[in-house]
Amino acid sequence: MSTPTESVLTVKEVADYLRVNQRTVYRLAVERRLPGFKVGATWRFKRGDIDAWIAAQSSAIASPDAAAAPGEGRKT
């Protein structure tokens, strides 16, 4: 029997979990910015990997290096 951290999620489930559009999940997965894997033609995601990714995103924002260069980032 699998534990909740071992469960595998679909694109829709990850989108609901992150509260983003499904297209965002696809884009991040294709760009390898979101940890996932393909089963045939469909993407799947381990809940534990998604939770670790969320924690890494949170710590990257809170790190002193990220705050040191407020003018850096996406150029418009």
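This passage describes the fold, the sheet, the first helix, the loops, the salt bridges and a surface patch of a predicted model.

The protein chain contains 4 helices and 3 strands. Along the sequence, these elements follow the pattern β-α-α-β-β-α-α. The protein chain has 76 residues, and buried residues make up 16% of them. About 5,900 Å² of the protein chain is exposed, with 54% of this area supplied by carbon and sulfur atoms. Contacts between residues at least 6 apart in sequence were also examined. Of these contacts, 45% join residues at least 24 apart.

The 3 strands form an open sheet. Their order is S1-S3-S2, and the pairing is antiparallel. S1 and S2 (37-39) stand at the edges, and each has a single partner strand. One side of each is therefore left without a neighbour in the sheet. In general, the strands of a sheet pair through backbone hydrogen bonds, in either a parallel or an antiparallel arrangement. Here, S1 pairs with S3 (residues 42-46) in the antiparallel sense, over 2 bridges. S1 spans residues 8-9 and includes Val8. Val8 stands opposite Lys46 in S3. Thr42 also lies in strand S3. Thr42 counts as partly exposed because its relative accessibility is 36%, between the 20% and 50% limits of that class. Thr42 and Thr10 are 32 residues apart along the chain, and their C-alpha atoms are separated by 8.2 Å.

Helix H1 covers residues 11-18. Val11, Val14 and Ala15 are buried in this helix. These residues lie on the same side of H1, because they cover an arc of only 100 degrees around the axis. The buried residues of H1 pack against both strands and helices. Their partners are S1, S3, helix H2 (22-30) and helix H3 (47-62). H1 also holds a salt bridge between Asp16 and Lys12. The closest N and O atoms of this pair are 3.0 Å apart. Asp16 and Lys12 are 4 residues apart, about one turn of the helix. Asp16 is partly exposed, with a relative accessible area of 47%. Lys12 is also partly exposed, with a relative accessible area of 45%.

Two loop residues carry a positive phi. Arg19 follows H1 and lies in the loop between H1 and H2. Its phi is positive, at about 60 degrees, although Arg19 is not a glycine. Arg19 has a relative accessible area of 79%, so it is exposed. Arg32 lies in the loop between H2 and S2. Arg32 is not a glycine either, yet it has a positive phi of about 60 degrees. With a relative accessible area of 61%, Arg32 is exposed.

A search of the whole structure finds 3 salt bridges. In general, side chains of opposite charge can pair when their charged atoms come close. Besides the pair in H1, Glu31 takes part in salt bridges with Arg27 and Arg33. The N to O distance between Glu31 and Arg27 is 3.7 Å. Between Glu31 and Arg33, the closest N and O atoms are 3.3 Å apart. These shared partners join Arg27, Glu31 and Arg33 into one network. Glu31 counts as partly exposed, at 41% relative accessibility. Arg27 counts as partly exposed too, at 40% relative accessibility.

The surface also bears a nonpolar patch formed by Val8, Phe37 and Val39. Together, these residues have about 230 Å² of accessible area. Val8 belongs to S1, whereas residues 37-39 make up S2. Both of these strands stand at the edges of the sheet. Val8 itself is partly exposed, because its relative accessibility is 45%.

Note on methods:
Residues are numbered from 1 along each chain as its sequence is written. This is a predicted model: local features need pLDDT of at least 70, side-chain atom pairs count only at pLDDT 80 or more; totals for chains, interfaces and linings use all residues. Side-chain values use heavy atoms; hydrogens and water are left out. Patches are made of residues with over 30% relative accessible area and no salt bridge: like charges are joined within 9 Å, nonpolar side chains (Val, Leu, Ile, Met, Phe, Trp, Tyr) within 5 Å. Accessible areas come from the Shrake-Rupley method with a 1.4 Å probe; for residues, only the protein chains shown count as cover. A salt bridge is a side-chain nitrogen of Lys or Arg within 4 Å of a carboxyl oxygen of Asp or Glu. Buried means under 20% relative accessible area, exposed over 50%, partly exposed in between (1.4 Å probe, protein chains only). Two strands pair if DSSP finds at least two bridges between them. The arc is that of the directions from the helix axis to the C-beta atoms. Contact means heavy atoms within 4.5 Å.
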